[in-house]
Amino acid sequence: MSKKAIIAIIVAAVVLVGGGVTAFFLLRPSEEEVKQQEIVDKHPNQAQSILTGQWMDKNVVGQRPLAIMMENEKHNHPLFGLNSSGVIYECPVEGSSTRFMVLYDNNIDDNLKLGNVRSSRPYYIYFAHEFDAIYVNWGASVRAIDLLATDYIDNISGVINAKLDTVVFFKTKDHPSPSNIYTNRGMIMQGVQQMGYRTSLDTNKPKKFTFTEEPEQVNALNVEGATDVAVIKPYFFVNLPRFEYDPATQKYKRFQFGKEQIDGNDNSQIVCDNIIFQDVDSHDLEEHDTANSPYIWCETIGKGTGKYFTKGKMIDITWSRPTENDVTKYYDLKGNEIVINQGRTWVCTTENKYKEKNKYYATVEEYNAAANSK
């Protein structure tokens with residue numbers, strides 16, 4: 001065999017080997033792809049809830065969540081269904097009270113009592129939009145009515161859409177009207193069908209929260225700058241709420257109006273796993289409610305500061321939402337998106353002008369000592 005032939009054979013072999021090696025590295029799955037496949041294999045036919053991060057049937061996760069407005073006045077308690085929720089928003093409203101928007105994965109029991117159901121404010125609608133939720137309310141402020149009349153969010157609105165009143169809502173005799181209006185998933189879905197709303201989640205919409213992949217994983221515990229906080233007191237002036245961390249359950253117990261806040265469905269104390277304070281700009285509006293208190297505006301678009309609480313720890317955060325069609329993202333002070341521990345998250349929108357009145361205590365004993373000294 002000639003020298004040229006031998007060289008040609010060697011070159012061809014090198015090319016073949018090199019090509020094989022190149023193909024191996026190009027076609028080999030990345031570490032992230034391998035990791036994601038391992039997660040999928042561990043949770044067959046499941047997906048993480050966009051509300052809680054908990055693994056559940058992917059068909060359930062593929063359905064739009066429900067967002068229900070609830071009143072939070074002392075006379076109308078207990079509320080029903082908070083301990084069955086995934087996310088709870090607590091925002092200030094007129095008269096220095098707060099109101100809840102409670103979000104549910106669309107797999108709760110059809111007959112579970114939910115409510116009471118009360119009227120809408122615009123900023124709750126903007127928050128509900130972030131989850132592609134079907135929004136449920138009984139009445140609304142003037143600006144909320146205008147927003148609900150657009151195609152911004154699919155809504156089941158009692159009073160505003162009177163034909164839904166008896167289809168979606170029922171009244172009880174335990175409280176005076178309008179604090180006696182309730183609903184359940186079965187009735188809501190009848191309203192959804194009647195209105196012809198889409199029931200499948202918009203998969204093109206970014207997810208608001210990024211969760212731990214497994215419940216035993218814990219983040220924000222050993223983050224640089226994390227602070228021990230066992231008692232959290234948002235400034236809210238009327239209901240005077242607080243959250244107390246229970247190390248045994250690793251959950252926060254909710255108190256307001258000087259006592260435990262109870263879920264009327266099972267008489268258990270309301271608890272959550274994560275708490276977010278989102279500091280927002282706010283101002284009074286020209287419109288007033290029936291008690292002549294001005295409606296307020298809480299700004300949900302833009303940037304701001306806040307706190308994230310989980311597992312008895314607190315870190316400072318920032319938030320950003322460029323437009324009303326984006327979702328709010330939360331970041332640590334290094335600019336990394338925070339990872340939320342799985343479970344129920346309670347979001348308090350705290351007005352910037354009052355945020356310095358929020359109080360944090362390292363231990364329950366420290367809080368009790370402060371409370372007793374007043």
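Which side chain meets that of arginine 121 in a salt bridge? I looked this up first and found glutamate 94, at 2.5 Å from N to O, where a salt bridge is a side-chain nitrogen of Lys or Arg within 4 Å of a carboxyl oxygen of Asp or Glu. The pair links distant parts of the chain, with arginine 121 in the loop between β6 (114-115) and α4 and glutamate 94 in the loop between β4 (87-92) and β5 (98-104), 27 residues apart. Arginine 121 counts as buried because its relative accessibility is 4%, and glutamate 94 counts as buried at 9%; I use buried for under 20% relative accessible area, exposed for over 50% and partly exposed for what lies in between, with a 1.4 Å probe and protein chains only.

Before going on, I note that this is a predicted model, in which local features need pLDDT of at least 70 and side-chain atom pairs count only at pLDDT 80 or more, while totals for chains, interfaces and linings use all residues. Residues are numbered from 1 along each chain as its sequence is written, and side-chain values use heavy atoms, with hydrogens and water left out.

**Overall counts**

I read off 8 helices and 26 strands for the protein chain, taking helices (H or I, at least four residues) and strands (E, at least two) as DSSP runs numbered from the N terminus. Of the 374 residues, 52% are buried. For contacts (heavy atoms within 4.5 Å), I looked at those between residues at least 6 apart in sequence, and 64% of them join residues at least 24 apart.

**Lysine 205 and helix α4**

I then turned to lysine 205, which sits in the loop between α7 (185-195) and β11 (227-228). Lysine 205 is buried yet has no salt bridge, and the nearest side chain of opposite charge, that of aspartate 132, is 6.1 Å away; for charge, Lys and Arg count as positive and Asp and Glu as negative, with His and the chain ends not counted. What I did find is that its side chain reaches the backbone oxygen of histidine 129 at 3.2 Å. Leaving aside residues up to four places away in sequence, lysine 205 touches His129, Glu130, Phe131, Asp132, Asn325 and Val327. His129 is also one of the buried residues of α4, a helix spanning residues 122-129 in which 8 of 8 residues are buried.

**Strands around β23**

Which strands are joined to β23 by bridges? I found β11 with 2 bridges, β22 (residues 302-310) with 9 and β24 (residues 329-332) with 4, where two strands pair if DSSP finds at least two bridges between them. The β11 pairing is antiparallel, and in it aspartate 228 stands opposite lysine 313. β22 and β23 form a hairpin with 2 residues between them, and lysine 311 in the turn has a positive phi of about 55 degrees. Threonine 305 has threonine 318 as its bridge partner in β23, while isoleucine 317 has aspartate 332 as its partner in β24.

**More salt bridges**

I noted that the structure holds 17 salt bridges. One of them joins the side chains of lysine 307 and aspartate 316 at 2.4 Å, N to O; lysine 307 counts as buried at 19% relative accessibility, whereas aspartate 316 is partly exposed with a relative accessible area of 36%. Salt bridges that share partners also join Arg64, Asp132, Asp154 and Arg198 into one network.

Definitions and conventions. Polar contact = N/O pair within 3.5 Å; in protein donor to acceptor, adjacent residues only side chain to side chain.
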